[in-house]
Structure formats: structure tokens, C-alpha cells
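Got the viewer open? Here is a short tour, stop by stop, with something to select at each one.

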Amino acid sequence: MNFGAGVPTVGVTDLKDDDFLLDVREDDEWQAGHAEGALHIPTSEFVARYGELTEAAPQDGRVHVICRSGGRSAQVTMYLVQQGIDAVNIDGGMQSWAAAGRPVTTDDGRPGHVI
């Protein structure tokens, strides 16, 4: 998908281990595997649960938004930018995350996978 030049984007290789990560995939995708330490708020619930993000995100810090491939996270990123939040979309999403060899885990700490 092409969202134009208006969506700030970073590659997986640009991420640092302590960057704040927001995963906007749905529950079944999250349960199959996710980045450890990420905040999970599905796109379908995002507006209603927006306060969870503002409480958890670092004050004056950047929010790195991820989904499976980058489409949903681009939409959420644009919403956050419109709200005045420093947010960036992770190019290629969890597919790129896993392909780069970054760990994918389940809630109970077992190795996970991207669906």
C-alpha cells in the first residue's frame, strides 16, 4: 500500500531495543506472536482505548506503530500525528520485524510467529 509522503516511516533496522512500540494488530495476530514489551491496542478498538496509549507512551517520546505489513499502522500513525503525537509507521510491519531476525514471542514467553 502506498500512503504517500505524509506518513512518517522508519525501517525495522532503525529501531533501538528501548523504542516504544505500539502493536495495532487484532487479538489473534497478537496471540500468535508479537514484539516483547509492545503495547497492544487493536486498530478496531484504537479510538476507544486511546487513553491507554497516552498513559503508557513516554512523555515527549516517539511512538513506533506496527501491524502485520504496514497498512493499518500507517492509518494509526496518521491519526496520532494529527493528535500532535510524534509517531512513525514501521515499514513492512511484523513481517519485516521477523525477517530481520527480531524476536517474536507469545504472552507466555514461548517463540511466536507472525500471521
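How many nonpolar, polar and charged residues are there in the lining of the largest pocket? Seven are nonpolar, two are polar and six are charged. Keep in mind as you look around that this is a predicted model.

**Stop 1: the pocket.** Select Asp17, Leu21, Ala35, Glu36 and Trp97, which lie nearest the centre of the largest pocket, among its 15 lining residues. The space in this pocket comes to about 240 Å³.

**Stop 2: from Asp17 to Arg102.** Keep Asp17 selected and add Arg102: the two form a salt bridge, with the closest N and O atoms 3.9 Å apart. This pair links distant parts of the chain, 85 residues apart. Arg102 sits in the segment after helix 4 (93-99), while Asp17 is in the loop between strand 1 (9-10) and strand 2 (20-23). Now switch on a surface: Arg102 counts as buried because its relative accessibility is 18%, under the 20% cut-off. Asp17, by contrast, is exposed at 78%.

**Stop 3: Asp108 and Arg110.** Here the side chains meet in a salt bridge, 2.9 Å from N to O. Asp108 is exposed, with a relative accessible area of 54%, and Arg110 is exposed too, at 52%.

**Stop 4: a network.** Select Glu45, Arg49 and Glu52, which salt bridges with shared partners join into one network. Between Arg49 and Glu52, the closest N and O atoms are 2.8 Å apart. Arg49 is partly exposed at 22% relative accessible area, and Glu52 is partly exposed at 35%.

To explore further, bear in mind that the whole structure holds seven salt bridges.

Methods: Residues numbered from 1 in each chain as written. Predicted model: local features only at pLDDT ≥ 70, side-chain atom pairs only at ≥ 80, totals over all residues. Heavy atoms only, no water. 1 Å grid on protein atoms, 1.4 Å probe; cavity = no way out; pocket = protein on both sides within 12 Å on 5 of 7 lines; lining within 4 Å. Points joined across faces, edges and corners; volume = space filled by probe spheres on them. Nonpolar A, V, L, I, M, F, W, Y, C, P; charged D, E, K, R; others polar. Salt bridge = Lys/Arg side-chain N within 4 Å of Asp/Glu carboxyl O. Helix = DSSP H or I, 4+ residues; strand = E, 2+ residues; numbered from the N terminus. Buried < 20%, exposed > 50% of the residue type's maximum accessible area, 1.4 Å probe, protein only.
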